[in-house]
Amino acid sequence: MGKKILVLEDESNIRSFIVINLKRAGYETIEAGTGQEALDQIKHNPDIDVALLDVMLPDTDGFEVCRVIRAGNKRIGIIMLTARTQEMDKVTGLMTGADDYVTKPFSPAELTARIDALCRRTTGEPVMNTDEIASPPFVLNTANRTLEKNGQRVKLTQVEYAIVKIFMENAGKALPREAILEAVWGKDYVGEVKIVDVNIRRLRIKIEDDPTNPTYINTVWGYGYKWGA
Ligand code: CA
């Protein structure tokens with residue numbers, strides 16, 4: 001069964017190009033030319049696996065569409081299609097909940113590689129063990145893929161969950177950013193390692209007592225990150 005991909009792009013020639021290539025790669029596609037159309041399609045097709053969202057749109061911007069989709073769906077994979085001139089920092093700053101971004105112009109191979117990596121992640125590994133990993137005040141439940149802090153559920157995207165899991169499995173150990181990238185995004189990931197920092201910044205806002213002075217996810221300068229002291 002092909003994965004279902006939403007393609008939000010207002011320029012019809014670019015949209016057709018993406019759709020043709022995704023179909024060729026075995027994906028099922030749903031098209032939208034405006035932000036509103038995209039939101040309507042998401043509502044009518046709750047089984048969409050990945051949404052590709054162009055940033056520059058006639059009725060709104062892709063970040064806003066991303067924010068609305070993410071508010072109602074933690075499971076869906078979201079990839080932003082950004083122009084070279086749009087800084088990823090803008091995405092970071094907006095904290096809209098995207099999992100990845102692809103800079104235009106991109107090759108069909110690059111795009112499908114990124115979608116595949118995201119699908120592998122959002123589908124998740126088989127849920128066999130019911131273990132909980134505890135790292136006070138956190139408890140990670142690997143059966144439900146949920147995180148609690150002081151008994152309160154912290155809502156995470158699948159990517160954020162995967163990052164917390166690798167941290168908690170390696171508590172106290174400094175992890176290179178590249179190792180986090182490979183563990184979470186897979187060996188074949190062709191994007192930039194910066195996506196790790198983007199997600200960590202968002203995670204800190206969700207789990208740290210004071211995100212500007214993190215104590216759970218610590219930065220190891222010039223290397224990566226470490227869970228705990
Ligand atoms: Ca556009």
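Visitor: What makes you say that helix α1 lies across β1, β2, β3 and β4?

Guide: This is a predicted model, and in it α1 (residues 12-24) lies across β1 (4-8), β2, β3 (50-54) and β4. Contact here calls for heavy atoms within 4.5 Å. As for direction, α1 runs at about 170 degrees to β2. Angles over 145 count as roughly antiparallel, so α1 and β2 get that label.

Visitor: What is the order of the strands in the open sheet of five?

Guide: Read across, the order is β2-β1-β3-β4-β5, and the pairing is parallel. From one strand to the next, the twist averages 20 degrees.

Visitor: Why are β2 and β5 said to stand at the edges?

Guide: Each of them, β2 (28-32) and β5 (100-103), has a single partner strand, so one side of each has no neighbour in the sheet.

Visitor: What makes β4 and β5 a pair?

Guide: Bridges do. Pairing takes at least two of them, and β4 (residues 77-82) and β5 have four, in the parallel sense. Since four meets that cut-off, they count as paired. To look at one yourself, take I79, whose bridge partner in β5 is D100.

Visitor: Why is α2 called roughly parallel to α3?

Guide: The axes of α2 (residues 35-44) and α3 (residues 62-72) come within 10 Å and cross at roughly 15 degrees. Roughly parallel means under 35 degrees, so α2 and α3 qualify. The crossing itself is right-handed.

Visitor: Which residues make the contact of α2 and α3?

Guide: On α2 they are G35, A38, L39 and I42, and on α3 they are V65, V68 and I69. Sorted by class, that contact has six nonpolar residues, one polar and no charged ones. Gly counts as polar, so G35 is the polar one.

Visitor: What makes D10, D54 and M56 the residues that coordinate the calcium ion?

Guide: For calcium, a donor has to be within 3.2 Å. D10 (OD), D54 (OD) and M56 (O) coordinate the ion at 2.1 to 2.3 Å, so they pass that cut-off. Water is not among the atoms, so the site may look incomplete. In sequence, the donor residues are spaced D-x43-D-x1-M.

Visitor: Why does the pair D10 and M56 tie parts together?

Guide: D10 lies in the loop between β1 and α1, while M56 lies in the loop between β3 and α3, so the pair ties together parts that are 46 residues apart in sequence.

Visitor: Which peptide bond at P105 is cis?

Guide: The one from K104 to P105, with omega near -5 degrees. P105 is in the loop between β5 and α5 (108-123). Another cis peptide bond joins P136 and P137, with omega about 5 degrees. P137 lies in the loop between β6 (132-135) and β7 (138-141).

Visitor: What makes β6 and β9 edge strands?

Guide: The open sheet of four strands has the order β6-β7-β8-β9, with antiparallel pairing. Both β6 and β9 (152-154) pair on one side only. For β8 and β9, three bridges join the two strands, and at least two are needed, so they count as paired. One bridge to look for: E148 has R153 as its partner in β9.

Visitor: Which strands does α6 touch?

Guide: Helix α6 (residues 158-169) packs on this sheet and touches β6, β7 and β8, its direction making about 115 degrees with that of β7.

Key. Residues numbered from 1 in each chain as written. Predicted model: local features only at pLDDT ≥ 70, side-chain atom pairs only at ≥ 80, totals over all residues. Heavy atoms only, no water. Axes fitted to C-alpha atoms, helices over the stretch in contact; angles between N-to-C directions. Parallel < 35°, antiparallel > 145°, perpendicular 65-115°, else oblique. Left-handed = near helix turned anticlockwise from the far one by under 90°. Donors = N, O, S within 2.8 Å, 3.2 Å for Na, K, Ca; no water.
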